[in-house]
Each structure stands twice: as C-alpha cells, then as structure tokens.
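Subject: Structure handover

Hello,

Below is the structure we spoke about, with its sequence. My notes on what was found in it follow.

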Amino acid sequence: MNIPTAYEPKEVEKRIYQFWLEGNYFRAEIDPSKKPAVIAMPPPNVYGSLHVGHGFNNTLQDLIIRFWRMSGWNALWIPGLDHAGLAFQNAVEKELRKEGLSRFDLGREEFLKRCWKWKEEQASYVVEQLKMMGASADWSRLRFTMDEGYQRAVRRQFIQLFNDGLIYRGRRIINWCPTCLTALSDIEVEYEEERTFLYFVRYPLEGENGFITVATTRPETMLGDTAVAVHPEDQRYKDLVGKTAILPLMNRRIPIISDSEVDPEFGTGAVKITPAHDPLDYEIGQRHSLPSISVIGEGGLMTQEAGEFSGLDRLEARKQIVKKLEEGGFLQKVEPYSHSIGKCYRCHQPIEPLISTQWFVKMKPLAIPAMKVVESGEIKFHPERWKKVYMEWMENIKDWCISRQIWWGHRIPVWYCQSCGEVFASEEEPETCPRCRSNDLKQDPDALDTWFSSNLWPFAILGWPEETEDLRYFFPTTVLSTGYDIIFFWVARMIMASLYFTGKIPFSHVYIHGLIRDGKGRKMSRSLGNVIDPLEKMEQYGTDAFRFAMAASATLGGQDIPMGEERFERGRNFTNKLWNASRFLLLNLEGFDPQAKPLNSLPHRYILSLLSRVIDEATRDLEEFNFADFAHTLEDFFWGEFCDWYIEMCKTDLNMGGDRRKGAQTLLHRTLETILRLLHPICPFITEELWQKLPGKEGEALIVAPWPKPEASDLDEEAERRMEFLKAFVRTVRNLRAEGGLPPSSLTKAIVLTTPEIKEILEESLEYILPLARISGIEFREEQQRPKGAIGGVAPGMEIFLPLNPKEREGLLLKLKKETEKLRADLGRVESRISNPEFLEKAPPDVLEKQQKSLEDLRFRLERARKIFQELGGE
C-alpha cells in the first residue's frame with residue numbers, strides 16, 4: 001500500500017473537497033421519510049477576507065451538520081452572503097477615493113452599478129474561503145440578502161409592518177455618525193472608556209449677582225442649552241428652581257427646573273439641558289416642553305444656531321468655546337475625567353446625538369411573543385445563562401431606528417406625492433398616487449438598516465413570502481450558532497420577525513459562543529498587529545489542524561477565547577499523530593480478513609469497552625453542543641489510550657503471525673474505522689483520506705457513513721479495571737528506569753511485591769507488558785523479601801523494584817549526590833526569596849504562585865532523591 005510518510009494537507013484538501021462536490025454529498029432534498037435538521041449560515045459580508053471568528057463559527061456549524069448527516073438526519077446547511085449595507089458602501093467609497101471620486105460625483109444610479117460590480121467580484125472569493133474551511137454547505141442554495149427573491153421579502157416585511165401601524169416616521173433624537181453620515185440604532189453604538197475633562201461653567205442668575213455652576217464634558221453643546229436642571233430633592237438648589245439663568249456666550253434666558261432623572265452626585269448636581277444633543281436631555285425636554293436647538297449639524301460642524309462658532313468642527317469649537325468662557329470669567333475649573341464615549345460600530349468615530357426625521361419600528365408588540373417562546377423553553381439558549389441577558393434586553397426594548405442615509409441596500413419602499421402630499425408604501429414601484437392619481441412621485445432616498453433585512457434570514461432563504469415546499473419542510477430551522485455580540489442585533493430580531501410573519505419560531509436552539517481574542521486575551525486589531533488570519537493558519541498547519549484548534553476551544557461556558565499559537569500547534573500535532581498511527585496500522589492490515597475471529601485477551605476487551613464509552617460520551621457532547629469536551633474526549637482516547645497503549649500492545653499479536661495477527665487486525669480495523677467516523681466532523685479531510693485507504697472502504701464516502709453507536713455488549717468494567725493495573729505497572733517501571741538512568745538496552749528484571757489478584761493480572765498479560773516496560777521478566781516476592789541495592793517505586797497495589805548491578809548502583813549514587821546538592825542550593829534560593837517581606841509585598845500574584853509551586857516541586861524532588869539514595873545504601 002502506497003501511503004506517504006508525511007501528511008500533505010494542501011494536496012489532500014483540494015482533492016477531497018472536489019470528491020465531496022462531485023458526489024453531491026452536501027445536497028439536501030425534501031424527503032418525507034427523513035426528519036430535517038437545518039442550519040441557516042449566519043451570512044458573512046459579501047466582500048473581503050473572512051476573519052478567525054468566521055473560521056470558528058463555521059467550523060462549529062460544519063461539525064454539527066456533518067454529525068447530523070452521519071446520524072441519518074436530512075441535514076441542510078444553507079449558505080449565504082450579506083450585503084453589509086453601511087460597511088460595504090464605506091468599502092466601495094474607499095475604492096472611489098483612490099480615483100479622486102465620491103459617490104456624489106457618480107450619482108446614485110452609477111454608484112449602485114459600481115457596488116453591484118464589486119459585489120460580483122468579491123462574492124466568489126468569500127465563498128471560496130468558506131470552502132477552504134471545509135464547509136459542507138449546500139452551495140446550490142446560496143443566497144444573497146439583496147437577490148431578487150430576498151428584496152421581495154424585505155419589501156413585504158416593510159409593507160406589512162407599515163400597514164399594521166408598527167412602522168412610523170418621526171422626528172426624534174437618534175444616534176448620528178458624522179463620518180458615515182447616517183443614523184445608527186442604539187445597539188450599533190459601541191462605548192469606549194476615554195480620559196477627557198469635566199468643565200465647570202458658571203451660568204449667571206438673571207437679576208441677581210450670583211450664578212449656578214454646571215459640569216459638562218461637552219462645552220460645545222452648551223450653545224444649544226434650553227434649561228439648567230437639578231434633582232427635586234437636592235436641598236442645595238431648592239431656592240433656585242423656577243428662577244432664570246443666562247446662558248454664557250449666547251445671552252439666552254433659560255429656566256432652572258427640577259427633574260428626578262438628574263444625578264445629584266454628578267459634578268455640582270446642576271446639569272445643562274441640551275434636548276437636541278443628548279438622549280436624556282431630550283426626554284427631560286419633552287417632559288418640560290423645552291425647545292430643541294441644534295447647534296451641531298450632520299457633518300459634525302457647528303450650525304448657524306451656534307452664532308460666532310458657526311462652521312467650525314465640533315472639536316475645534318470646543319477649544320474656542322472653552323477659551324471664550326475663560327476670558328469671560330465663566331469657567332470655574334477643569335478636572336480630568338474618565339467616561340464612556342459612544343462610537344460608530346463601523347468607523348469607530350464618536351457619534352453625535354441629533355434630532356432627525358427617521359423611520360422607526362415599534363418593538364414592544366413584537367417583543368412580547370418573542371419573550372414567551374424563550375421563557376417557555378420552546379427556544380433554548382446554550383449556555384442557558386444567555387437566556388437572562390436576552391430577556392432583560394427584551395423587557396427594556398426601545399423602538400428601532402431602521403432608516404439609514406446610504407444608497408447601497410434595500411431602499412425604503414415609501415413614496416411621497418408631490419401633488420397632494422400623500423405618503424404611502426408599495427411593494428412594487430407605483431405609477432400614480434393612490435389618492436390623487438398624480439404621477440409626480442418621489443421615493444424615500446434612505447435605505448433600510450442591514451439588520452432589517454437580516455432578521456428574515458431563516459425563512460426568507462427558504463422562499464418566504466411564498467408558501468414554498470422548502471419552507472413547509474425545512475422550516476423552522478434547528479440550530480443557530482452565533483457570538484454573544486449579536487444577540488440583540490440579530491438573534492432577538494429574527495425571533496420577533498419569524499413569529500410575526502410565519503407564526504413559528506425560527507430555530508429551536510441558540511448556541512452562543514464567546515469571541516476569539518489573541519493569545520493574551522486582547523481584542524484583535526490591526527493597530528496591535530494581533531489579527532489572526534484563518535487562511536494563513538490553514539496554510540501553515542492544515543485545515544483540519546485549524547478546525548481542531550477551533551473545536552477544542554469552544555467551551556460551553558460561552559466565554560471569550562484566547563487563541564495563542566499553541567492551540568494551532570496542538571491541532572497540527574494531533575493530525576500528524578492521526579496520520580502516523582493510521583499509516584502504521586494500514587501497513588499492518590495487509591492480508592486483512594474481515595471474517596477472522598477477533599482476539600479476546602485483556603487489551604482487546606479493554607479497548608472495545610472503552611470505545612463504547614467514548615462513542616456514547618462523544619455523541620452526548622455533540623448533542624449538547626459541548627464541542628471542546630467532544631474534541632478532548634476523542635483526543636484523549638485516540639492518543640492516550642488507542643495509540644499509547646492498545647497499538648503498542650497489539651504489536652505483540654501482529655508479530656505472532658497466523659490467527660493471532662488476523663485476530664488483532666480485525667479489532668484494529670474496527671477500532672480505527674470507528675475513530676475515523678468520530679473524528680470526521682472535526683477533521684473531515686484527513687479522516688476521509690484515511691477512510692478510503694481502509695481495507696473494504698475503497699471508494700466509499702466517510703461523509704455519509706453511519707455515525708457509530710455504542711455496543712452495550714462490549715462494556716466490560718472488569719477489563720478496564722484490570723487494564724489499569726497493567727498501565728500502572730508499565731508507567732512505574734518506565735519512571736524507575738528514567739530515575740536510575742538505565743539505558744534502553746538494559747533488560748533487567750522487575751521484582752514485584754503485590755496481592756495474589758494483581759499477580760494473576762500481570763502474569764496473564766506478561767507478553768504484552770514486558771516489551772512495553774523493557775524488562776526481561778517479573779519476579780514476585782513476599783513482603784519480607786524486599787530486595788536491597790534496587791531502585792523502587794509504588795503503584796496501586798504494588799511495590800516495584802529494579803535491581804542494579806554494582807556499576808549501575810555506583811553511577812546512580814554519584815548522580816544522586818550531585819543532584820541532591822543542586823536541589824538543596826535551588827531550594828535555599830527559593831526559600832530565601834519567598835520569605836523576604838519586600839518580595840512578598842511587591843511581587844504580582846502570578847509570580848508568588850509560581851514561586852510557591854517551585855518550592856513544592858523542589859522539596860518533593862529532594863525528598864525523592866534522598867529516599868532513593870538511602871534505599872541504595874548510600875552514605
């Protein structure tokens with residue numbers, strides 16, 4: 001059999017993926033005899049390189065799909081791409097700037113043509129990256145959130161919500177990005193802690209010599225103040241409520257009011273109220289009927305309402321306003337101050353709260369049924385703790401601003417009649433006004449928030465709003481796998497939309513995972529140079545090694561995951577071990593006879609029992625989305641049991657030839673093929689390649705091979721218990737050989753003091769354990785016959801000794817003497833350091849912990865060296 005010595009991932013991956021495609025193994029068709037199991041792939045953006053988060057989540061989804069497929073489910077993984085609205089438009093505009101152009105230079109129609117052209121160029125690259133990751137999605141069903149059918153679904157959603165009174169147009173304070181020039185929803189604003197300043201400004205009292213001092217982090221907005229507010233129970237200001245202050249620099253009369261939303265602990269307890277530029281101030285302004293004065297415009301420049309500061313950038317205006325306040329004697333003091341600043345989730349520049357006319361969705365009526373299905377357990381979160389996070393957000397949900405001042409995306413299907421002023425929504429482009437029949441119509445220029453289209457994903461990709469056969473059979477989907485960062489962006493909105501438009505839940509399970517960080521736990525950013533490129537890692541280590549690293553990191557807790565290089569190295573080491581061990585077995589399976597009677601000695605009974613347990617445990621791990629435990633269970637069994645013990649013991653049987661060899665081959669074949677089935681969801685390429693080299697499997701596809709089931713008849717607790725004594729004996733002898741410095745060629749005998757039962761266990765398996773322990777034989781003695789001049793150790797139920805000849809004894813005594821002297825010196829240094837009060841006071845906790853462990857380790861090693869020295873009669 002021709003099997004390469006080393007595994008070459010690149011060649012294998014390309015060939016195997018093509019084999020799967022040609023076999024249509026990813027395809028899923030309607031089959032009433034099978035129960036469907038469906039995942040709607042969270043669609044990555046239609047442009048650019050996929051990041052490690054995509055690699056992580058798509059590995060987990062593919063792992064589930066492959067498990068379902070092998071388990072006999074009608075498994076469907078629907079792939080897709082997201083048009084990415086604002087992010088995509090920003091990327092296209094960046095390309096335009098290289099030509100010295102802006103979208104306004106091109107105009108809407110030409111700009112959109114550029115967008116579609118770029119989309120076509122980028123889409124295939126994104127799909128190819130997913131394929132390189134091993135994604136077994138049904139590519140015949142690839143969807144795009146702006147394809148023709150999807151656009152129809154988005155328009156239907158808008159029209160229905162509009163006609164049902166759940167979409168309205170209003171003038172309210174919203175989050176505005178002056179860089180992207182668009183509105184943002186509340187959850188599209190990211191908050192970052194920054195060090196800035198708190199400015200204390202004196203507002204003169206009208207008709208009095210005194211003043212009231214307010215504290216603000218944004219003096220540029222004070223030009224739009226329309227009140228000063230204090231808490232109604234703040235005794236410091238009870239005599240000032242109802243009076244009038246004079247706004248510095250603007251000389252505008254503004255009232256002093258009381259409102260329970262004011263925090264008396266902030267600054268002086270008196271705050272400026274700027275309804276046009278702060279959400280809380282806006283609410284206070286609404287309660288007190290205060291006017292709203294916009295002093296900052298959409299581009300971040302000061303408006304005409306800002307007087308002499310008109311036209312200045314908001315940050316430049318801040319400097320000049322502070323200077324003027326100081327010159328006028330209004331600035332009392334400035335203090336350093338740290339607080340959270342809202343930034344655009346796309347460009348990461350500070351947002352500006354502005355009053356603007358936008359489109360909103362009333363969320364409360366949609367949220368109530370979406371809370372019920374989670375509370376009742378109809379939709380389950382894994383881990384369950386995310387259910388509480390979801391419920392708390394839904395209970396406090398606010399109306400959703402869905403309009404965006406961009407061109408790329410789903411244009412709002414609303415028209416304004418220029419003749420009679422009628423405002424109406426239409427699924428198709430209208431020719432005339434439904435009220436006055438005028439054809440002088442203008443469509444709303446804004447596009448919808450990307451998430452407004454994404455919330456239809458699980459059912460729109462199956463044909464909604466049409467009642468298709470696919471929708472009837474494959475919907476609801478089964479599992480959604482996603483990061484905790486988009487529970488509110490996407491998960492909650494999909495649940496609300498699905499219940500409202502289909503009357504069904506979109507999925508039964510929501511698996512929430514943490515976010516990938518760098519090896520130090522830091523958020524990845526290009527400025528830090530710590531971004532992990534999944535394609536680079538797959539090129540360096542192989543896709544299966546990458547996937548193993550991802551799965552082994554996916555703990556059920558949902559915490560963020562530090563992804564250091566050692567995780568990928570571990571994945572590579574595992575795939576190399578899988579290849580090398582399988583190669584050895586395949587070469588030793590020549591002449592394999594499937595009819596040969598399997599052996600029944602202890603090692604063979606033990607491996608079948610353990611294999612049955614592992615199948616049961618691994619299956620349960622996958623059913624519970626416990627991917628890390630699944631990976632570790634298989635790694636421990638394959639490497640720690642199958643390779644380290646079973647294969648090594650089987651070498652005795654293989655070398656015997658005849659029926660012994662054939663009987664061992666039967667069990668090795670069975671165990672290896674089961675291991676390949678179990679590992680296939682994580683490491684699909686290498687397992688498929690090895691599977692097709694197994695005798696009797698040539699041309700068969702592992703991807704659709706049945707998932708293994710545990711065999712109750714194979715369970716043998718007694719064999720597992722007895723095997724532990726063999727392993728303990730071999731480990732102890734190996735440790736004694738290492739401590740005694742015995743060369744591999746030294747085949748000494750072992751002297752064992754033990755019970756009759758353990759003696760019988762060891763004697764029964766002598767032919768297996770002697771080669772592993774590299775000893776010539778075992779001499780069993782009674783307690784009173786403890787040998788002298790031998791190095792000894794303890795294992796469960798056994799005392800084991802290795803006799804040394806005079807030369808070996810003298811050499812070991814000399815070595816122990818030197819080792820003892822060095823250990824004493826090292827121990828003295830550590831004890832001195834750890835007893836130093838100055839060190840204990842200054843050393844970080846991790847350093848102290850390391851020193852304590854070092855102390856314990858040195859004491860143990862010193863005691864062990866002394867004991868061996870005494871046992872050998874050293875003086």
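How many bridges join strand β1 to β2? Please keep in mind that this is a predicted model. Strand β1 (residues 36-40) and strand β2 run parallel, and five bridges join them. Within this pair, Val38 has Leu76 of β2 opposite it.

Strand β2 covers residues 74-78, and five of its five residues are buried. The cover extends to both faces of β2. On one side the buried residues are Asn74, Leu76 and Ile78, and on the other they are Ala75 and Trp77.

Nonpolar cores

The largest nonpolar core is made up of 159 residues. Trp68, Phe627, Phe642, Phe729, Ile775, Met798 and Ile800 are the residues with the most contacts inside this core. Helix α19 (residues 627-656) supplies the largest share of the core, with 14 residues. A second core, of 78 residues, lies apart from the largest one and has Tyr150, Ile167, Ala425 and Ile486 among its members. As background, nonpolar side chains in soluble globular proteins tend to be buried together.

Trp68 also leads back to the strands described above. Neighbours within four places in sequence set aside, Trp68 is in contact with Ala37, Val38, Ile39, Trp73, Ala75, Thr478 and Val479. Of these, Val38 is the residue that stands opposite Leu76 in β2, and Ala75 is one of the buried residues of β2.

The four-stranded sheet

One open sheet has four strands in the order β27-β26-β29-β28, and its pairing is mixed. Its edge strands, β27 (778-781) and β28 (790-795), each pair on one side only. On average, neighbouring strands in this sheet are turned by 25° against each other, direction ignored.

Strand β26 (residues 750-754) pairs with strand β29 (residues 798-803) over four bridges, in the antiparallel sense. Here Leu753 is opposite Glu799 in β29. Helix α22 (residues 717-740) packs on the sheet and touches β26, β27, β28 and β29. The direction of α22 makes about 35° with that of β29.

Arg721 is a residue of helix α22. Is Arg721 buried or exposed? With a relative accessible area of 33%, Arg721 is partly exposed. Arg721 and Tyr606 are 115 residues apart in sequence, while their C-alpha atoms are 8.6 Å apart in space.

The three-stranded sheet

Another open sheet has three strands, ordered β19-β18-β20, with antiparallel pairing. Strands β19 (423-425) and β20 (441-443) are the edges, each pairing on one side only. Neighbouring strands here are turned by 30° against each other on average, again with direction ignored. Strand β18 (residues 414-417) pairs with β19 over three bridges in the antiparallel sense, and Tyr416 stands opposite Val423 in β19.

A helix pair

Helix α15 (residues 534-541) and helix α16 (residues 543-553) have axes that come within 6 Å and cross at roughly 120°. The two helices are therefore oblique to each other. From α15, the residues Pro534, Lys537, Met538 and Tyr541 take part in the contact, meeting Thr543, Ala545 and Phe546 of α16. By type, the residues of this contact are five nonpolar, one polar and one charged.

Regards

Key
Residues are numbered from 1 along each chain as its sequence is written. This is a predicted model: local features need pLDDT of at least 70, side-chain atom pairs count only at pLDDT 80 or more; totals for chains, interfaces and linings use all residues. Side-chain values use heavy atoms; hydrogens and water are left out. Axes are lines fitted to C-alpha atoms, for helices over the stretch in contact, and angles run from 0 to 180 degrees between N-to-C directions. Angles under 35 degrees count as roughly parallel, over 145 as roughly antiparallel, 65 to 115 as roughly perpendicular and the rest as oblique. Contact means heavy atoms within 4.5 Å. Ala, Val, Leu, Ile, Met, Phe, Trp, Tyr, Cys and Pro count as nonpolar, Asp, Glu, Lys and Arg as charged, and the others, Gly among them, as polar. A nonpolar core is a set of buried Ala, Val, Leu, Ile, Met, Phe, Trp, Tyr and Cys residues joined through side-chain atoms within 4.5 Å. Buried means under 20% relative accessible area, exposed over 50%, partly exposed in between (1.4 Å probe, protein chains only). Two strands pair if DSSP finds at least two bridges between them.
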